Amino acid sequence: MGKRRLALCAGVLAVTAFGPAACAAYAADGGDVSVVPAAPAPGGDIALRVTGCDAREAVAQSPVLVSDARLTPDDGDGLAGDGRVRSTVTAGTYTVTVACDGTEYRGTVEVVRKHTPAAGAEPSTYPSPVAPVNAGAGGAARDLAGGPERHGPGTAQTVVALALAGTAALTVHRAARRQARRGRRTG
């Protein structure tokens with residue numbers, strides 16, 4: 001019975017560890033463009049996503065962003081990318097616009113007031129632009145920057161990890177049954 005519990009616990013542990021990575025949630029704000037988190041502070045990073053756009057690439061623009069955010073295909077049926085909220089922006093609701101093959105998609109982001117750090121405390125990260133700067137090389141910086149960085153395992157890696165965890169659990173269970181049978185024969 002102990003080996004079965006071990007196999008079951010291994011399976012549950014695998015699902016617990018890899019489950020959240022397989023379920024990326026985006027905040028719905030009533031528009032075609034979703035922003036996560038929906039209420040960032042000035043200087044914070046945000047994830048942008050637009051659905052219904054079949055283009056290979058699009059650009060998200062907003063007065064709240066440090067620079068335009070490049071959106072590329074994600075695992076779903078849309079485009080996704082990252083941006084950073086300007087550190088000097090005031091609290092309020094701002095429009096995010098994505099131009100995609102002649103169609104304009106809109107969403108909103110509500111910037112909230114930033115917490116003031118205690119006296120003498122330094123910020124853990126400093127704001128910086130997310131997109132390459134068009135400086136020199138005739139604007140080739142965007143082409144040379146490469147694709148977007150991906151964070152965490154994708155759907156394929158999650159499925160493979162769950163399959164491996166299931167196989168390991170089954171192997172432990174079978175080994176325990178064989179050992180139990182051998183114990184009955186000798187004893």
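Reader: Why is Arg106 called partly exposed?

Author: In this predicted model, Arg106 has a relative accessibility of 44%, and because buried means under 20% and exposed means over 50%, Arg106 counts as partly exposed.

Reader: What makes the contact of Arg106 and Glu104 a salt bridge?

Author: The side chains of Arg106 and Glu104 meet at 2.8 Å, N to O, and since the cut-off is a side-chain nitrogen of Lys or Arg within 4 Å of a carboxyl oxygen of Asp or Glu, the pair is counted as a salt bridge. Glu104, with a relative accessible area of 47%, is partly exposed. The structure holds 4 salt bridges.

Reader: How do you know that Asp45 and Arg84 form a salt bridge, and which parts of the chain does the pair link?

Author: Their side chains meet at 2.6 Å, N to O, which is to be set against a limit of 4 Å. The pair links distant parts of the chain, with Asp45 in strand β2 and Arg84 in strand β5, 39 residues apart.

Reader: Are Asp45 and Arg84 buried or exposed?

Author: Asp45 has 45% relative accessibility and therefore counts as partly exposed, whereas Arg84, with a relative accessible area of 11%, is buried, because the cut-off for buried is under 20%.

Reader: What makes Asp74 and Arg49 a salt bridge, and why does the pair tie together separate parts of the sequence?

Author: The closest N and O atoms of Asp74 and Arg49 are 2.6 Å apart, and the cut-off is 4 Å. Asp74 lies in the loop between β4 and β5, while Arg49 lies in strand β2, so the pair ties together parts that are 25 residues apart in sequence. Both Asp74 and Arg49 are buried.

Reader: Why is Gly81 called buried, and where does Gly81 lie?

Author: Gly81 has a relative accessible area of 13%, and because the term buried applies under 20%, Gly81 is buried. Gly81 lies in strand β5, residues 78-84, and its C-alpha is 6.5 Å from that of Ala69, although the two are 12 residues apart in sequence.

Reader: What makes a set of residues the largest nonpolar core here, and how many residues does it have?

Author: Such a core is a set of buried nonpolar residues joined through side-chain atoms within 4.5 Å, and the largest one has 23 residues, with Leu48, Val50, Val64 and Val98 making the most contacts inside it. Strands β1, β2, β3, β4, β6 and β7 each supply at least two residues of this core, and the largest share, 4 residues, comes from β6.

Reader: How do you know that Asp101 is exposed, and what is notable about its phi?

Author: Asp101 has a relative accessible area of 66%, and because exposed means over 50%, Asp101 is exposed. Asp101 is found in the loop between β6 and β7, and its phi is near 50 degrees, a positive value in a residue other than glycine.

Reader: What makes Arg174 part of a patch of positive charge on the surface?

Author: Arg174 has 48% relative accessibility and counts as partly exposed, and because a patch takes residues with over 30% relative accessible area and no salt bridge, with like charges joined within 9 Å, Arg174 can be read as meeting the accessibility condition. Arg174 gathers in this patch with other arginines, including Arg177, Arg178 and Arg181, and Arg174 is found in helix α3, residues 155-186.

Methods. Residues numbered from 1 in each chain as written. Predicted model: local features only at pLDDT ≥ 70, side-chain atom pairs only at ≥ 80, totals over all residues. Heavy atoms only, no water. Patch = residues over 30% accessible without salt bridge, like charges linked within 9 Å, V, L, I, M, F, W, Y side chains within 5 Å. Areas by Shrake-Rupley, 256 points an atom, 1.4 Å probe, with all protein chains shown as cover. Lys, Arg positive; Asp, Glu negative; His and termini not counted. Charge placed at Lys NZ, Arg CZ, Asp CG, Glu CD. Buried < 20%, exposed > 50% of the residue type's maximum accessible area, 1.4 Å probe, protein only.
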